[in-house]
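Open the model in your viewer and keep the sequence panel visible. The stops below say what to select and what to look for there.

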Amino acid sequence: MPVAVRSFLYRLISSRPITIAAVTGICLAVSITIAAMLLVRHLRDREISDNTSELATYATLLSAHLESSFAVLEAVQDGVLAQLRADNVAAEQQFVDMASTSTMHTMLTARVSAIPFIGGLTLVDNRGMLVNSTYYWPMPYRDLSDREYFHVISSAEGPDRFVTQPLVNRANGEWTIYVARRITSPTGVFLGVLLGEMRFSYFARYFSVIAQQPDAVVSMFDLTGVLLVRHPEIEGAVGTVPNSVSRQLWQQGRDRGTTRGVSAIDGMDRIFAFDRLPHYPIIVSISRSIDAVLAPLREQQRFIAFIAVLLDLAVVLGLFVVFRYIKGRNRLKSLEASLVKAEIDRAVATENRRFTIAVNAMAQCLIMFDRNHRLIVINPSFREVFGLSPERVKTGCSLAVVVRAAIASGSVTMKNVRRLKASLNMNEDASEAMSATWDINNHRSLLVGFDRSPDDGCLMTAVDITERRRAEAQIFHMARHDGLTGLKNRTEFRERLDNAVRAAAQGLPHAVLFLDLDYFKNVNDTWGHQVGDALLQAVTSRIRRCCRTSDSIARLGGDEFAIIQPLTRGLEAAEVLCERIVARLSRPFEIAGHQLHIGCSIGVALAPDDGTDAESLLKCADLALYKAKADGRNCFRFFEPQLHDVLQRRRVLDLDLRYAMANHEIAVFYQPLINAGSGRICAFEALLRWRRADGSFVSPSDFIPAAEKMGLIHSLGQWALATACRQAATWPAEISIAVNLSPVQFARQDLVDTVRNALTESGLAAGRLQLEITEGSLLEDVAETLSILQRLRELGVSIAMDDFGTGYSSLSYLLKFPFDKVKLDRSLIAEIERCDQSDVVLRSIITMCNGLGMRTTGEGVETEAQLAFLERHSCTEAQGFLISKAVPGDEVPALLAQRQVCEKEPDVEWSEAASPLQPLDAAAIVATAR
């Protein structure tokens, strides 16, 4: 809306508000009345239109129903005609003889008895004489040759079907339509007529069911306008020819439609809908009175009128309120004008008090000067921080007085003042705020801000940020140091290493030490992370005591540490430091009442000899650490150029291993296990062998660790398991197969599914499969590994502990999980009859396993004495080169043929079932064996 128009309307309303309100109210009341009338008219027209559409639908449905009723009658006639044709009626007398029987009468009666709208069926011969009918029995003498349908059907060119006009039945006086059907012989000779009657009295009852509204009228006319059926019935109306509205429309040539008019029978204003049957001389009409159609609307009309009256009254009442308001507003204007000034004065005074209270309560220091550099505001916090007494610094004093007082109190220095003055001179014309950090007495820090006010005055604020700076320093320290040990973290270590590389380039050599704690994971798994954290702190303390203040110590994560050592005293200092650390960390630790033993492996790289950048030094130190671990741990190794060759050989082995798996160079061999008592083969162990294309073999101790590190052990182990199961399925049922599982395979959740699939695909019985695991499988995650082993046991397979006697916690594992078999490590077997103590230990282990209900297998048997020892001390099975080396799968049948296969026998016989042993029972067994 243009500004000029808005201005005119505002002036008009302001000058004559009462007149404008009255005109607006009258217009609103008239609009409400007109809207109500239009709404009532719309609802009335819509109600009539909806009922007209509904009646048209009903008329169409009634027409379709009557059409289908006639179709049913003709279908019944077709059935009778089919029966006559089936009997091969060829002559007149044959037709009369067959049609006049009681059997035919029963058949006709049965066909129409279940259909209420069929009046009956009648058979007439070719002379017009009644032969049979559902109306009579026995048949009376009756001549029907004068009927119209007989003349039409019996004529030489007569049709096969003829529908009469509605007429009154002579027998019962009801209006009826006859459907006559021509009966002929197979040669076409006219034999008679089959007459079917459509009873209209049924439709009178049908109309009474569907016309539920009391005002609804359903009628049926013939094509001449004769009323045949009407509901509700009016006496004397049926049979007449009323001048109905539907008849008028039909006479105009319309077969269906709707209209509105006055009924010729009851004289009511009605809505009519009619529809003519497509194949029969019948018209269906249905109508409702306008009064009944609009009856539900009258209540709405009254409600709308009531609402319109209420709205008009509301408008009147609103006008009254507006008039009262306008008069009251005029009276208040004068009163408000007198109160505004007083209110403004009070508000200004209140705001001044609030400002004073807020400024005095601020923890932030604040001072303000006017354009003449005179003090106008200073809060108590500013006085306290800068030591300004109220007697010396008062409102109205100059800026110079305030500065001298602050310097005299010792809170600020001339250096602070000069910095502030220099900043102000540089930004004299700038409107942005400025800030600076001051370090004042008592080791406190202030963030000082300076800003100009709109009246060319100035504002100075100061915030004590001492604690914030301390917190920032602490956060910076935490971001670059390990939270548990307080050592530098990986980020800080990398920066120190870059500095060391630059110093080495300038002539000061450095040593980079990588430390890895040996067997630390055993402590975590056995005693928990709380003890492990305490151990890390104790390790840190010992390392600190071994190093100088110039050495940089860092914890890289887990049990990994690193040290950067400046070699100011020569290269020997690095060796001395390593020896000192290895010796200190080899001593026992007393943590939470436990005596813990760990070790330390160290790899050392020298700068600049081994590398001139951080990445090279880290790689060299890591290779040296790898060498220290390979040499038995708890030692240190310096980087040597040959280690690069070792790394290269590892890479070549990785590439060759992938090639070998893709080209089937790896095969499964089988080494037999015999029963130590009978000497018969009872099982085979599946072993992987890698034979290169040139015929050379690669040791499993080389390529199995490589497969584990590369992640290939899962597919390799799955293939080996499936291959071994398929091969074992072809052996005698008494022979079992043992397959080794890598500790890495336990990290996958699908290990149980892999075993299940191998058994299913091969058809091998689960009881013939033995899965061998090493102590390394249990060291990673004892709880999860034992859970997987339990699920494997539920499949029905056997679980064996392999290489028993080389670990640190094997006895505890025997108590945690009931293994089916324990395989004694070849290092124990090799000492048989060489060392009495070894024999005692071996006998104790066998006795303990027998007591726990576990079978035992001696590995690496190479002499008859070793085999005799195992047999003498009740070891269950034996395996080694003395018996046979590992052979390919196609040589297993020949090997079985050389030895008799042992029958499966109980490993240990007991007089009664042995209950699971408790830990104290196992200890007692070991003590007894000793």
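The tour starts with the whole chain and then goes from one selection to the next.

**Before selecting anything**

This is a predicted model, in which local features need pLDDT of at least 70, side-chain atom pairs count only at pLDDT 80 or more, and totals for chains, interfaces and linings use all residues. Residues are numbered from 1 along each chain as its sequence is written, and side-chain values use heavy atoms, with hydrogens and water left out.

**The whole chain**

Colour by secondary structure. The chain has 30 helices and 33 strands; both are DSSP runs numbered from the N terminus, helices being H or I of at least four residues and strands E of at least two. Of the 930 residues, 43% are buried. Buried means under 20% relative accessible area, exposed over 50%, and partly exposed in between, with a 1.4 Å probe and protein chains only.

Now show the surface. About 49,300 Å² is exposed by the chain, and 55% of that comes from carbon and sulfur atoms. Accessible areas come from the Shrake-Rupley method with a 1.4 Å probe, and for residues only the protein chains shown count as cover. Among contacts between residues at least 6 apart in sequence, 59% join residues at least 24 apart; a contact means heavy atoms within 4.5 Å.

**Arg181 and Asp78**

Select these two side chains. They meet in a salt bridge, 2.6 Å from N to O. A salt bridge here is a side-chain nitrogen of Lys or Arg within 4 Å of a carboxyl oxygen of Asp or Glu. Arg181 belongs to strand β5 (residues 175–184) and Asp78 to helix α2 (residues 17–86), so the pair ties together parts 103 residues apart in sequence. Arg181 is buried at 12% relative accessibility, whereas Asp78 is partly exposed at 37%.

**Leu195**

Go to strand β6 (residues 190–199), which holds Leu195. Is Leu195 buried or exposed? Its relative accessibility is 5%, so Leu195 counts as buried. Residues up to four places away in sequence aside, Leu195 touches Gln77, Gly120, Leu121, Thr122, Tyr149, Tyr178, Val179 and Ala180. For a distance check, pick the C-alpha atoms of Leu195 and Phe162: they are 9.6 Å apart in space, with the two positions 33 residues apart in sequence numbering.

**A nonpolar patch**

Select Phe303, Phe306, Ile307, Val309, Leu310, Leu311 and Leu313, which make a nonpolar surface patch of about 650 Å². Patches are made of residues with over 30% relative accessible area and no salt bridge; like charges are joined within 9 Å, and nonpolar side chains (Val, Leu, Ile, Met, Phe, Trp, Tyr) within 5 Å. One of the patch residues, Val309, lies in helix α9 (residues 295–361). Val309 is partly exposed, with a relative accessible area of 47%.

**Helices α15 and α16**

Select residues 520–527, helix α15, where Phe520, Asn522, Val523 and Asn524 are buried. Gly528, just after α15, has a positive phi of about 100°.

Continue to helix α16, residues 529–546. Its 18 residues reach 25 Å from first C-alpha to last, close to the expected 26 Å; the expected span is 1.5 Å times one less than the number of residues. The buried residues of α16 are Val531, Gly532, Leu535, Leu536, Val539, Thr540, Arg542, Ile543 and Cys546.

**Arg494 and Glu615**

Here the side chains of Arg494 and Glu615 form a salt bridge at 2.8 Å, N to O. Arg494 is in helix α14 (residues 490–505) and Glu615 in helix α18 (residues 614–630), so parts 121 residues apart in sequence are tied together.

**Strand β31**

Select residues 855–858, strand β31, and find Thr856 there. Thr856 is buried, with a relative accessible area of 0%. Beyond its neighbours within four places in sequence, its contacts are Lys821, Val822, Ile846, Cys849, Ser874, Cys875, Thr876 and Glu877.

The side chains of Arg855 and Glu877 meet in a salt bridge, 3.8 Å from N to O. Arg855 is buried at 15% relative accessibility, and Glu877 is buried at 5%.

**Cysteines**

Last, select the cysteines. How many disulfides does a search of the whole structure find? The search finds zero, a disulfide being a pair of cysteine sulfur atoms within 2.5 Å. Among the cysteines to look at, Cys397 is buried at 13% relative accessible area and Cys725 is buried at 0%.
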